[in-house]
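Biologist: Let us go through this model together. I will ask, and you reason from the atoms.

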Amino acid sequence: MAVTKVSDEEIKSQYDYMNKIRSFNQGGKYFIFTLGCKLNEADSETMSGMLETMGFSKAESFDDAKIVIFNTCSIRENAEEKVFGKIGELKNIKDKNDMIICFAGCMSQEEHVIQKIKKSYSLIDIVFGTHNIYKFPELLYKKMVEKQNKVLDVLDIDGTIYEGLPVKRESTSQASVIIMNGCNNFCSYCIVPYVRGRERSRQPEEIIKEIEGLAKEGCKEVLLLGQNVNSYNPRDGYNFANLLSDIDKIDGINIIKFTSPHPKDFKDDVISVISKSKKISRVIHLPLQSGSTNILKAMNRGYTKEQYLELARKIKAKIPDALFTTDIIVGFPGETEEDFEETLDVVRKMNYEQVFMFIYSVRHGTRAEKMPNHIPEDVKSERFGRLKTLCDGMTEIGMNKYVGTVQKVLVEGESKTNKDVLTARTTSNKIVNFEGPKDLIGKEVEVKIVSQHVWFLKGELV
Ligand code: SAH
Ligand code: SF4
Ligand code: F3S
């Protein structure tokens, strides 16, 4: 499918709307409620950027916000009730603050959600999708100034890419950068291809310009984002390995991370670029989903158990300090006890740093929805429990390995629970808390690890 870049004129017209709103805005506040993955978090930073350009500032909670955005996620079935419940709770504050409630993100690309909003949610004023975030200023103008009743712009998932919108990032030392959007894989359980549309990649020149700008402002770490980063394909003759090696050359950027790659697309050129780089993180996310070749086939994952293990072996051979994290779904339709044992077997063999575990959740419109032999809830939770026990044990052993070592960390900020403590991350993504002066925030320092507390490490400044 042809990828169309949103025209410069269109983006300029959105800046015109932002300026118009700014001219009469009297210091209103906004609050964005973000659910889902890092792509949604990155999209929320673009929404914040547009809102700040329009003269709004960030509110601490819903209570003092004039503009509220729900940036939603569709990956699991039960999230819908929670989101609509939360919106319902805002009725009183909405009347008091003359609040504008916006509904965005992946759920806004689902037909039945739109019907529900049209029919029963008069509280929601503006709805926009994942493909047209750039239109938010125009939609807000229609609501705020032209006083249109309900403003909807959704469902038409085309292959668009936009550039040049303002972004308000949470951190100055680390930045998420979306390199591609959408997915063509259609794993049989997954709703993402339906709500994010087909794969489309940003041009490398735009990405590199953005990262160079970030480096000039003091950013040290970039996280490259996409649903399937290693099928990044902006044009013939340029791929993900090329992008990684071009970003590797940017002065000032010291840590490069990416998520998510797909095992079936993890090619030798990418392994080779990582092995030669001093900046690219050694923690590699390799989503397994299931350890059973039969289930992987039914999932449409494009690899077998053996191919997955062989890929990990190949990566380890070229990058001996590589560490792996993964995603696993328990209880996919038809999963037998033997299939599940295969998953446990791969988990033991891979010795993962971290496992993100999910109980299979049926998504309307996906192929797995129609498959026979859906697994009863009690069996799913029993298997989930067993997987969790295995992974928790591995995490503890993994964390113990750090105690007594000296780690280079990037200081992220004050700890949320104790203002006297700084929180930082190792290059392998572990949280380290330690006492130190606030002017270390945003800098890289060395810390000696003194103890481990399952979810974080405690350190002392060297
Ligand atoms: N594109 C990424 C991840 C997308 S969603 C990838 O392919 O790795 C993040 C994770 O949610 C998936 O890796 C999968 O483990 C989980 N997931 C997706 N659909 C799910 C479903 N229907 N039920 C349970 N977990 C699901
Ligand atoms: Fe979903 Fe599969 Fe695409 Fe990941 S690769 S987003 S799991 S369809
Ligand atoms: Fe959820 Fe959409 Fe991400 S469905 S996981 S927010 S791409």
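## Ligand shells and sheets

Biologist: Which residues surround ligand 2?
Modeller: This is a predicted model. The shell holds Cys183, Asn185, Phe186, Cys187, Tyr189, Cys190 and Val192, and it goes on with Pro193, Gln227, His262 and Arg301.

Biologist: How does the shell around ligand 2 divide by class?
Modeller: One residue there is charged. Three are polar. The nonpolar ones number seven.

Biologist: What is the shell around ligand 3 made of, by class?
Modeller: Gly36, Cys37, Asn40, Cys73 and Ser74 belong to it, along with Ile75, Cys106, Arg196 and Gln227. Glycine counts as polar in this scheme. By class, the shell has one charged, four polar and four nonpolar residues.

Biologist: Which residues are the closest around ligand 1?
Modeller: Ligand 1 has 14 residues around it. The closest of them are Tyr189, Gln227, Gln289, Asp327 and Ser361.

Biologist: What is the distance from a nitrogen atom of ligand 1 to a polar backbone atom of glutamine 227?
Modeller: Take tyrosine 189 to begin with: a backbone N or O atom of this residue lies 3.0 Å from a nitrogen atom of ligand 1. Glutamine 227 also offers a polar backbone atom to a ligand nitrogen. That distance is 2.7 Å.

Biologist: Which residue has a side-chain N or O atom 2.7 Å from an oxygen atom of ligand 1?
Modeller: Here the ligand atom is an oxygen, and the protein atom sits in a side chain. The residue is glutamine 289.

Biologist: Now the sheets. Which strands stand at the edges of the open sheet β9-β12-β13?
Modeller: This sheet has three strands with parallel pairing, in the order β9-β12-β13. An edge strand pairs on one side only. The edges are β9 (174-178) and β13 (255-259).

Biologist: What angle does helix α9 make with β13?
Modeller: Strand β12 (residues 221-225) pairs with β13 over five parallel bridges. Leucine 223 stands opposite lysine 257 in β13. Helix α9 (residues 240-248) packs on this sheet and touches both β12 and β13. Its direction and that of β13 make about 155 degrees.

Biologist: Why is one side of β14 and of β16 left without a neighbour in the sheet?
Modeller: The order in this open sheet of three strands is β14-β15-β16, with parallel pairing. β14 (283-285) and β16 (354-359) are at the edges, so each has a single partner strand. Neighbouring strands here are turned by 15 degrees against each other on average, direction ignored.

Biologist: What is the bridge partner of isoleucine 284 in β15?
Modeller: β14 and β15 run parallel and are joined by three bridges. The partner in β15 is phenylalanine 324.

Biologist: Is threonine 325 buried or exposed?
Modeller: Threonine 325 lies in strand β15 (residues 323-330). Beyond its neighbours within four places in sequence, its contacts are Val283, Ile284, His285, Leu286, Tyr352, Glu353 and Gln354. Its relative accessible area is 8%, so threonine 325 is buried.

Biologist: Which side chain makes a polar contact of 2.8 Å with that of threonine 325?
Modeller: The contact joins two side chains. The partner is histidine 285.

Biologist: How far is the C-alpha atom of aspartate 268 from that of methionine 107?
Modeller: Aspartate 268 is in helix α10 (residues 268-276). Aspartate 268 is partly exposed because its relative accessible area is 46%. Along the chain, aspartate 268 and methionine 107 are 161 residues apart. The separation of their C-alpha atoms is 36 Å.

Terms used. Residues numbered from 1 in each chain as written. Chains lettered and ligands numbered in written order. Predicted model: local features only at pLDDT ≥ 70, side-chain atom pairs only at ≥ 80, totals over all residues. Heavy atoms only, no water. Near = heavy atom within 4 Å. Helix = DSSP H or I, 4+ residues; strand = E, 2+ residues; numbered from the N terminus. Buried < 20%, exposed > 50% of the residue type's maximum accessible area, 1.4 Å probe, protein only. Polar contact = N/O pair within 3.5 Å; in protein donor to acceptor, adjacent residues only side chain to side chain. Contact = heavy atoms within 4.5 Å. Pairing = 2+ DSSP bridges. Axes fitted to C-alpha atoms, helices over the stretch in contact; angles between N-to-C directions.
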